[in-house]
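Subject: Structure handover

Hello,

Here is the structure I said I would pass on. Please look through it before reading my notes underneath.

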Amino acid sequence: MTSLSARGDRLPGVAGKQPFETIVSAHGMTVLRVCRAVLGPVDADDAWAETFLSAIQAYPQLPADANIEAWLVTIAQRKAIDVTRAAARRAVPVPEVPDTVAPARNGVDDDLADALAVLPAKQRHAVAYHYLADLSYIDVADILGGSTDAARRAAADGIANLRRIYPGAATEKGGDR
């Protein structure tokens, strides 16, 4: 992904902005953490890729003073909705359940991912956007479509539920913000 033309000059509309590669480097892991929290590890990589494909197309029209991280998380949230809707429409036939165990997920905490997966959608999304993407409650409210107080409440309820169901919650440090 690049914001340079084939000749090497800047694409129209991106003059004065960071190169898109810099944005991917700076915010890629945050977007991936949000995608994993909202969708789980199986669909997260596809949603991440779709997020940045959409973002590079829209980047020339993005105002120079925009909050890029919130913009990317908003795109990721919409891609997550698309993935969820597509999965609901698609049948997944399985002739028999395999006896093998799924491979390790490169340091992803399976228990935390499972605990996030059982949270109600609004709580899961609020926790992911605020605690994983480090967005303000104002930005979370804009993404979820509600008030700042509702976003704060959903995140607080999500954290409270995680403390009850996540086995590592008692030993984790820095969980409150």
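The notes below go from the overall make-up to the helix contacts, one tryptophan and the salt bridges.

Overall make-up

Please keep in mind that this is a predicted model. The chain has 7 helices and 0 strands, so its elements read α-α-α-α-α-α-α from the N terminus on. Of the 177 residues in the chain, 37% are buried. Among contacts with a separation of 6 or more, 61% are between residues 24 or more positions apart.

Helix 1 and helix 2

Two packed helices are described by the angle between their axes and the distance between the axes. For helix 1 (residues 20-39) and helix 2 (residues 41-58), the axes come within 8 Å and cross at roughly 145 degrees. The crossing of helix 1 with helix 2 is right-handed. On the helix 1 side, the contact involves Phe20, Val24, His27, Gly28, Val31, Leu32, Cys35, Arg36 and Leu39. Their partners in helix 2 are Pro41, Asp43, Ala44, Asp45, Ala47, Trp48, Thr51, Phe52, Ala55 and Ile56. By class, this contact of helix 1 with helix 2 has 13 nonpolar, 3 polar and 3 charged residues.

Tryptophan 48

Tryptophan 48 is one of the helix 2 residues in that contact. Leaving aside residues up to four places away in sequence, tryptophan 48 touches Val24, Gly28, Val31, Leu32 and Cys35. These five names also appear in the helix 1 list for the contact with helix 2. Is tryptophan 48 buried, partly exposed or exposed? Its relative accessibility is 26%, so tryptophan 48 counts as partly exposed; buried would require a value under 20%. Isoleucine 75 is 27 residues from tryptophan 48 in sequence, and the two C-alpha atoms are 9.5 Å apart in space.

Helix 6 and helix 7

Helix 6 (residues 137-144) packs against helix 7 at an angle of about 95 degrees, and their axes are 8 Å apart. That angle makes helix 6 roughly perpendicular to helix 7, because angles of 65 to 115 degrees count as such. From helix 6, Tyr137, Ile138, Val140 and Ala141 take part in the contact, and they meet Thr148, Ala151, Arg152 and Ala155 of helix 7. The residues of this contact of helix 6 with helix 7 divide into 6 nonpolar, 1 polar and 1 charged.

Salt bridges

How many salt bridges does a search of the whole structure find? The search gives 2.

One of them joins aspartate 149 to arginine 152, with 3.6 Å between the closest N and O atoms. Both residues belong to helix 7 (residues 148-165) and are 3 residues apart, about one turn of the helix. Aspartate 149 is exposed, with a relative accessible area of 57%, whereas arginine 152 is partly exposed at 40%. Arginine 152 also appears among the helix 7 residues that meet helix 6.

The other pairs aspartate 157 with arginine 153, at 2.9 Å from N to O. Aspartate 157 and arginine 153 are 4 residues apart in helix 7, so about one helical turn separates them. Aspartate 157 has a relative accessible area of 27% and is therefore partly exposed.

Regards

Notes. Residues are numbered from 1 along each chain as its sequence is written. This is a predicted model: local features need pLDDT of at least 70, side-chain atom pairs count only at pLDDT 80 or more; totals for chains, interfaces and linings use all residues. Side-chain values use heavy atoms; hydrogens and water are left out. A salt bridge is a side-chain nitrogen of Lys or Arg within 4 Å of a carboxyl oxygen of Asp or Glu. Buried means under 20% relative accessible area, exposed over 50%, partly exposed in between (1.4 Å probe, protein chains only). Axes are lines fitted to C-alpha atoms, for helices over the stretch in contact, and angles run from 0 to 180 degrees between N-to-C directions. Angles under 35 degrees count as roughly parallel, over 145 as roughly antiparallel, 65 to 115 as roughly perpendicular and the rest as oblique. Contact means heavy atoms within 4.5 Å. Ala, Val, Leu, Ile, Met, Phe, Trp, Tyr, Cys and Pro count as nonpolar, Asp, Glu, Lys and Arg as charged, and the others, Gly among them, as polar. A crossing is left-handed if the near helix is turned anticlockwise from the far one by less than a right angle, and right-handed if clockwise.
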